[in-house]
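Please work through the exercises below with the sequence and the coordinates at hand. Each task is followed by a solution in steps.

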Amino acid sequence: MSATPSARRLLVAALVSAFAAAPAWAQDAVPARLMASAATEATRWPGAAADAAQNPVTLRLEAGTTVDVLTAEGDQLRVRQGLTFGWVARTAMTAPTEAGATIQLGAPPPSLR
């Protein structure tokens with residue numbers, strides 16, 4: 001059974017409005033990978049200070065350590081390094097860079113041999 005053109009338009013309009021009303025966290029985009037700008041600790045829960053009983057440290061990041069960013073909540077980022085997860089302050093992270101990397105515009109890509 002085929003849907004009528006008006007039914008299809010109604011369905012498309014409903015889908016468009018559903019995706020247009022994305023939650024606030026979806027609009028708080030952050031890069032997929034970030035690097036610790038200084039030594040920092042990731043905790044089990046966002047926002048609270050590290051505490052061995054209530055909010056333990058789950059991950060210790062040295063300066064330059066790259067992590068996957070999973071989500072953002074205010075000024076906190078949920079990160080993962082390998083199989084370990086934690087929350088860090090957004091201000092403790094920066095865009096990853098390669099030490100000594102240079103970009104030459106118009107140059108051919110490096111050989112993989």
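The exercises concern a predicted model and move from the whole chain to single residues.

**Exercise 1. Overall architecture**

Task: Determine how many helices and strands the protein chain has, and in which pattern they follow one another.

Solution. Step 1: the secondary structure amounts to 2 helices and 7 strands. Step 2: along the sequence these elements are arranged as α-α-β-β-β-β-β-β-β. Step 3: for the contacts with a separation of 6 or more, 50% join residues 24 or more positions apart. Step 4: the chain has 113 residues, of which 20% count as buried. Its exposed area is about 8500 Å², with 60% supplied by carbon and sulfur atoms.

**Exercise 2. Confidence along the chain**

Task: Establish which element has the lowest mean pLDDT and which the highest, and where pLDDT stays under 50.

Solution. Step 1: the average pLDDT of the protein chain is 75, and 65% of the residues score at least 70. Step 2: by element, the lowest mean pLDDT, 45, belongs to helix 2 (residues 24-27), and the highest, 93, to strand 6 (residues 84-89). Step 3: the pLDDT is below 50 over residues 19-27, a stretch with 2 contacts in the model beyond near neighbours in sequence. Step 4: residues 100-105 also stay under 50, and for them the model has 0 contacts beyond four places in sequence.

**Exercise 3. The setting of Thr65**

Task: Decide whether Thr65 is buried or exposed, and describe what surrounds this residue.

Solution. Step 1: Thr65 is located in the loop between strand 3 (57-61) and strand 4 (66-73). Step 2: its relative accessibility is 16%, and because the cut-off for buried is under 20%, Thr65 counts as buried. Step 3: a polar atom of the Thr65 side chain lies 2.8 Å from the backbone oxygen of Glu62. Step 4: leaving out residues up to four places away in sequence, Thr65 touches Leu34, Met35, Ala36 and Gln81.

**Exercise 4. Two residues in strands**

Task: Identify which residues Asp68 and Thr84 touch, not counting residues up to four places away in sequence.

Solution. Step 1: Asp68 is part of strand 4. Step 2: the residues touched by Asp68 are Ala32, Arg33, Arg78, Val79 and Arg80. With Arg33 there is a polar contact between side chains, at 2.5 Å. Step 3: Thr84 belongs to strand 6 and touches Thr58, Leu59 and Val79. Step 4: with a relative accessibility of 30%, Thr84 counts as partly exposed, because that value falls between the 20% and 50% cut-offs. Step 5: Thr84 and Ala42 are separated by 42 residues in sequence, while their C-alpha atoms are 9.7 Å apart in space.

**Exercise 5. The ring of Trp45**

Task: Find which charged end sits over the ring of Trp45, and which residues Trp45 touches.

Solution. Step 1: Trp45 lies in the loop between strand 2 (40-43) and strand 3. Step 2: the charged end of Arg44 sits over the Trp45 ring, 4.2 Å from the ring centre. Step 3: beyond four places in sequence, Trp45 touches Gln54, Asn55 and Trp87. Step 4: with the cut-off for ring centres at within 6.5 Å, the count of aromatic pairs is 0. Step 5: Trp45 has a relative accessibility of 44% and therefore counts as partly exposed. Step 6: Trp45 and Thr58, 13 residues apart in sequence, have a C-alpha to C-alpha distance of 9.6 Å.

Key
Residues are numbered from 1 along each chain as its sequence is written. This is a predicted model: local features need pLDDT of at least 70, side-chain atom pairs count only at pLDDT 80 or more; totals for chains, interfaces and linings use all residues. Side-chain values use heavy atoms; hydrogens and water are left out. Helices (H or I, at least four residues) and strands (E, at least two) are DSSP runs, numbered from the N terminus. Buried means under 20% relative accessible area, exposed over 50%, partly exposed in between (1.4 Å probe, protein chains only). Contact means heavy atoms within 4.5 Å. Accessible areas come from the Shrake-Rupley method with a 1.4 Å probe; for residues, only the protein chains shown count as cover. A polar contact is a pair of N or O atoms within 3.5 Å; within protein, one must be able to donate a hydrogen and the other to accept it, and residues adjacent in sequence count only if both atoms are side-chain atoms. pLDDT is the predictor's confidence in each residue, from 0 to 100. Rings of Phe, Tyr and Trp (its six-membered ring) pair if their centres lie within 6.5 Å; planes under 30 degrees apart count as stacked, over 60 as edge-to-face and the rest as tilted. A charge sits over a ring if NZ of Lys or CZ of Arg is within 6 Å of the ring centre and within 35 degrees of the ring normal.
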